[in-house]
Every structure is written in structure tokens, then in C-alpha cells.
Number of protein chains: 2
Amino acid sequence: MSVGHTGITSQVSPPAPVGPCGEGDCGIRDVLDRIGDRWTVLVLVELSKGVRRFRELQRAIPGISQRMLTLTTRRLCRDGLVERTAYPTIPPQVDYRLTAVGRSLADTVFGLADWSAAHKDTIAAARQRWDAEHPSGQPD
Amino acid sequence: MSVGHTGITSQVSPPAPVGPCGEGDCGIRDVLDRIGDRWTVLVLVELSKGVRRFRELQRAIPGISQRMLTLTTRRLCRDGLVERTAYPTIPPQVDYRLTAVGRSLADTVFGLADWSAAHKDTIAAARQRWDAEHPSGQPD
DNA sequence: CTGTATCCCTCTGGATACTG
DNA sequence: CAGTATCCAGAGGGATACAG
């Protein structure tokens, strides 16, 4: 074989000593499918402060619509992360509280919050630098 | 005041002893906006195993399209989580590797993976139970 | 108060084709 | 190989009205 390329392409991909989890995905996508949406973590965080009623949650989480709060709490209930208690009063009253599993998830999520707090400045700086060096428009 | 309700509604919302972070959101949404999409964590996980070329990443992450891999890696670069090295060879070669900050994020994300592994069965069970008790259709 | 039901719009991301 | 450009479908989620 003669020229045309540098030979670098003949390297395949040798090292690859796998990370903490054996292969590709681990179960990370599972968690993210559960908390990656716009509202779930906010509900989790609010409920980590104590029992909340429907309306209290809505007031505590500024932009959330009635519809999304209903959907979000229901999904959390379905997964056993939140417990719902309805009192047959008039007007009706419904309490939401974290289950043990839900609390453990909330704690894990706070790990992300810690990371965010620790690195948000660094990231903001990197982003500014990148944007300055790439005036060619939008990042997407 | 006479009847009409049970009096329960007069309770406002007394306790609320705030969680780990002072108020509402913390920076959790920041992180989730960064990793909550379909592909970012998968790229992070793959890169946590070592340096990877564009094509290697694509092969390692089954469903990802060329377009999404480009967008995902670029966003990671922009935030300083991934470093891109391009060699002006023919055909071109580009390496991606985690920065120190990127590695710390990957580590944090693995915390989610641990949680997922520890609770996936419990959650699957809760979900099955809920679906059995609510035959009325879809959860959304 | 606690939901449910509709409508509708945006944004993400997949498929495909093309360039250097 | 690495990346860009275009088109397009579907999910997520907001606004609103209605119900128990």
C-alpha cells in the first residue's frame, strides 16, 4: 500500500478498559427517562421538604400547569416513589409524600445539585469562551 | 361558621423545614438541561472509558444518528466537558475525550446508575402493581 | 380543591442526501 | 471519516374549559 492517507486510520480502538458499569448504558437511561422531564425533579425536591397538597405543590413550583402536575405526580405514584392520600372531604384534599424509595432518589438527585453548584461557574465560563470563539451563530 | 366543609382546608402549610438546598430549584435543572436529553449521558459514559473517534462513538452508541452525535458532542465541547482534537489527515480524524470537569460529571452520573441498579426491581414491581390496579388505560 | 378533556404549538430528534 | 443541510413526524407540554 502506498500513500493517500497517514496510516492513522489503521488503528482500530485498542484500550477501552470499560467503566464502572460493564457495558454501554447501565441503567442510566432508566433514571433519566423518569426524572429527565421538565417537572419531576422539582416535585421531588419540594416533597423532600415534607408532605404537600396538590395546590401547595403547584404554588411551590412556579411555572407548572395543573395538567403537568397531575401527570407528574401520577407517574411518581405509579413508580412507587410518591404516596398519594385522598381525604373524601368537601372540598377534596389530597396529600402527597415521598416513599422511602422516593426519598433515596431525591437524595441521589441532590448529588447532581451539588455537582451543579460546584461547577456552574466553570461551565458558564467555558460556554462564554466557546461562544466568543465561534461567532458563526447558534450552538445547535 | 357552620357547615359545608370539614375544617381541614383551614390548615395552610406549616412545617416545610427546607431541604439540602435553601429553596426551590437549586441548580438541578441546569444539570438536567445538560444531560436530560436522549444521548448526552451515553456519550459521557462511552467517553469515560477512554478517548474515542467520531465513528467509534457512533458504533458504541447503537441508535444515535450522525446528526445527533454531532450536536451532542458539540454541546459537550461548548460546556468544556469534552475536548475535541482534529487531525488534518485524509481521511480526517477527530478524537473526543473527557475533560477533568467532564469526568467529574460522569462520576456523578454513575451515582444515578447505582441508584437505578439498586431500585429497578422495586420500581418495576410498583409499576406492575399500579397498572394492575388501574386497568383504566394509559398512565399519561 | 383536585382533577379530566381538548386543542394546539414548539422543540427534539430521526431519515436522508450532500460536502470536504 | 467527519460534518452539514433539509425535511418531517412525534412527544412534551401550555392554555383553556369543564367536572366531581
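Here are three short exercises, with worked solutions, on a predicted model of two protein chains and two DNA strands.

**Exercise 1. Find out which residues surround DNA strand C, and which part of the strand they meet.**

Step 1. Start with the neighbours. There are 20 residues around DNA strand C, and the closest are Arg55(A), Arg74(A), Arg84(A), Tyr96(A) and Arg67(B).

Step 2. Now look at the DNA side. Of the atoms of DNA strand C that come within 4 Å of the protein, 61% belong to sugar and phosphate.

Step 3. Zoom in on single atom pairs. A polar backbone atom of Arg55(A) sits 2.6 Å from a phosphate oxygen of the strand. Trp39(B) uses a polar side-chain atom, 3.1 Å from a phosphate oxygen. Arg67(B) goes for a base instead: an N or O atom in its side chain is 2.4 Å from a base nitrogen.

Step 4. Ask where the residues come from. At least two each are supplied by H3 (54-60), H4 (66-78) and S3 (93-98) of chain A, and by H4 (66-78) of chain B. H4(A) gives the largest share, 4 residues.

Step 5. Sort by class: you get 8 nonpolar, 4 polar and 8 charged residues.

**Exercise 2. Do the same for DNA strand D.**

Step 1. This time 21 residues surround the strand, and the closest are Arg67(A), Phe54(B), Arg55(B), Arg74(B) and Arg84(B). Sugar and phosphate make up 62% of the strand's atoms within 4 Å of the protein.

Step 2. Check some atom pairs. Arg55(B) has a polar backbone atom 2.5 Å from a phosphate oxygen. A polar side-chain atom of Arg53(B) is 3.1 Å from a sugar or linking oxygen. For a base, pick Gln66(B): a polar side-chain atom of this residue lies 2.9 Å from a base oxygen.

Step 3. Trace the elements. H4 of chain A gives two or more residues, and so do H3 (54-60), H4 and S3 (93-98) of chain B. The largest share, 4 residues, is from H4(B).

Step 4. The class count is 8 nonpolar, 4 polar and 9 charged.

**Exercise 3. Work out how H5(A) and H1(B) are oriented to each other.**

Step 1. Get the geometry. H5 of chain A (residues 100-133) packs on H1 of chain B (residues 28-35) at about 75°, and the axes are 7 Å apart.

Step 2. Classify the angle. Roughly perpendicular covers 65 to 115 degrees, so H5(A) is roughly perpendicular to H1(B).

Step 3. See who touches whom. H5(A) contributes residues including Phe110(A), Trp115(A) and Ile123(A), while H1(B) brings Ile28(B) and Leu32(B), among others.

Step 4. Count classes: this contact has 9 nonpolar, 1 polar and 4 charged residues.

Definitions and conventions: Residues numbered from 1 in each chain as written. Chains lettered and ligands numbered in written order. Predicted model: local features only at pLDDT ≥ 70, side-chain atom pairs only at ≥ 80, totals over all residues. Heavy atoms only, no water. Near = heavy atom within 4 Å. Polar contact = N/O pair within 3.5 Å; in protein donor to acceptor, adjacent residues only side chain to side chain. Nonpolar A, V, L, I, M, F, W, Y, C, P; charged D, E, K, R; others polar. Axes fitted to C-alpha atoms, helices over the stretch in contact; angles between N-to-C directions. Parallel < 35°, antiparallel > 145°, perpendicular 65-115°, else oblique. Contact = heavy atoms within 4.5 Å.
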